[in-house]
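Dear colleague,

Please find below the structure I am handing over to you. My findings follow it, arranged by topic.

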Amino acid sequence: IYRGNPNKPQVSLMINVAWGTEYLEEILTALRNEHVKATFFLDGSWLKRHPQLAKKIAQEGHEIGNHAYSHPQMSRLTEKRIKEEIVRTEKLIQSITNQSSQYFAPPSGDYDQRVVKIAKELHLQTVLWTLDTIDWKNPSPETIIQRIISKADNGHLILMHPTESSATALPQLIKKIKEKGLKIGPVKDTLSTKRILQVEAPKFF
């Protein structure tokens with residue numbers, strides 16, 4: 001899955017967390033201030049090191065997804081290792097956040113049919129992104145906003161990481177997405193067949 005329903009005026013922020021904590025509080029504050037729920041895909045080794053922060057993300061109402069354990073290239077692993085990477089992380093997610101993942105985001109978007117099949121056997125759907133902030137290259141916040149807003153549309157899944165660029169861009173990015181008449185919600189809502197009854201109206205000046 002790399003996009004939700006093209007007829008549904010909603011997008012999701014997919015925040016892949018595999019390193020660092022420096023900008024996560026800033027991201028959580030922006031989401032809280034704008035009343036937005038995102039989906040955080042957590043790397044198992046990060047989760048093990050930062051259980052309290054992971055618990056906070058979940059307690060604030062955000063969806064938790066599985067991002068494997070050691071950020072490997074999944075397509076290069078044996079089937080046994082593929083399963084281990086997902087299962088090990090899922091056990092941590094459940095024990096720390098009291099959530100069960102519905103979605104698996106393969107690190108670096110690297111996967112093959114075996115990965116999709118094994119994830120499905122573990123009751124997880126494999127999810128990629130529609131739009132990429134490319135925030136790991138440390139672009140200016142204005143570049144991120146322009147890159148996303150120029151293309152954001154119904155059902156889009158927007159990839160970001162807890163970087164300084166994305167943290168700084170996020171409040172304005174959220175406002176501009178809403179101004180396009182798009183609701184922002186977790187991946188499960190964007191992929192759901194349930195219709196949106198009310199979308200925040202675009203603002204005209």
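To begin with one side chain: is K175 buried, partly exposed or exposed? With a relative accessible area of 35%, K175 is partly exposed. Please bear in mind throughout that this is a predicted model.

**Salt bridges**

The salt bridges in the model come to eight. K175 takes part in one of them, where its side chain meets that of E34 at 2.9 Å, N to O. K175 belongs to helix 7, whereas E34 sits in the loop between helix 1 and strand 2 (39-42), so this pair ties together parts that are 141 residues apart in sequence. Unlike its partly exposed partner, E34 is buried, because its relative accessible area of 15% falls under the 20% limit.

A second pair is formed by K56 and E25, whose side chains meet in a salt bridge of 2.8 Å, N to O. This pair also links distant parts of the chain: K56 is in helix 3 (residues 51-59) and E25 in helix 1 (residues 24-33), 31 residues apart. Both partners are partly exposed, K56 at 27% relative accessibility and E25 at 36%.

The third pair to report is R81 with E85, again a salt bridge of 2.8 Å, N to O. Here the partners are four residues apart in helix 4, so about one helical turn separates them. R81 is partly exposed, with a relative accessible area of 33%, while E85 is buried, at 5%. Elsewhere, salt bridges with shared partners join E34, K175 and K178 into one network.

**Nonpolar cores and aromatic side chains**

The largest nonpolar core contains 41 residues, and L13, L31, F40, W46 and L170 have the most contacts inside it. Helix 7 (residues 164-179) supplies the largest share of this core, namely six residues. A second core, separate from this one, has ten residues, among them V115, I118, A119 and L124.

L31 may serve as an example from the larger core. Setting aside residues up to four places away in sequence, L31 touches L13, I15, V36, A38, F40, H62, L170 and I174.

How many aromatic pairs does a search of the whole structure find? The search finds zero. There is, however, a charged side chain over an aromatic ring: R88 lies over the face of Y69, at 3.8 Å from the ring centre.

**Helix 5**

Which residues of helix 5 (residues 113-121) are buried? They are V115, I118 and A119. These residues lie on the same side of helix 5, because they cover an arc of only 100° around the axis. Three elements pack against the buried residues of helix 5: helix 4 (79-97), strand 4 (103-104) and strand 5 (125-126). On the face turned away from the buried side, helix 5 carries the exposed residues Q113 and K120. Just after helix 5, H123 takes a positive phi of about 65°.

**Two loop residues**

V127 is located in the loop between strand 5 and strand 6 (131-132). With a relative accessibility of 1%, V127 counts as buried. Apart from neighbours within four places in sequence, V127 is in contact with I1, M14, Y103, F104, A105, P106 and L157. For orientation, V127 and E22 are 105 residues apart in sequence and 26 Å apart in space, C-alpha to C-alpha.

K37 is found in the loop between helix 1 and strand 2. K37 is partly exposed, with a relative accessible area of 37%. What does K37 touch, not counting residues up to four places away in sequence? The residues are E60, G61, H62, I184, G185 and P186. Between the C-alpha atoms of K37 and W136, which are 99 residues apart along the chain, the separation is 22 Å.

With kind regards

Definitions and conventions:
Residues are numbered from 1 along each chain as its sequence is written. This is a predicted model: local features need pLDDT of at least 70, side-chain atom pairs count only at pLDDT 80 or more; totals for chains, interfaces and linings use all residues. Side-chain values use heavy atoms; hydrogens and water are left out. A nonpolar core is a set of buried Ala, Val, Leu, Ile, Met, Phe, Trp, Tyr and Cys residues joined through side-chain atoms within 4.5 Å. Buried means under 20% relative accessible area, exposed over 50%, partly exposed in between (1.4 Å probe, protein chains only). Contact means heavy atoms within 4.5 Å. Rings of Phe, Tyr and Trp (its six-membered ring) pair if their centres lie within 6.5 Å; planes under 30 degrees apart count as stacked, over 60 as edge-to-face and the rest as tilted. A charge sits over a ring if NZ of Lys or CZ of Arg is within 6 Å of the ring centre and within 35 degrees of the ring normal. The arc is that of the directions from the helix axis to the C-beta atoms. A salt bridge is a side-chain nitrogen of Lys or Arg within 4 Å of a carboxyl oxygen of Asp or Glu.
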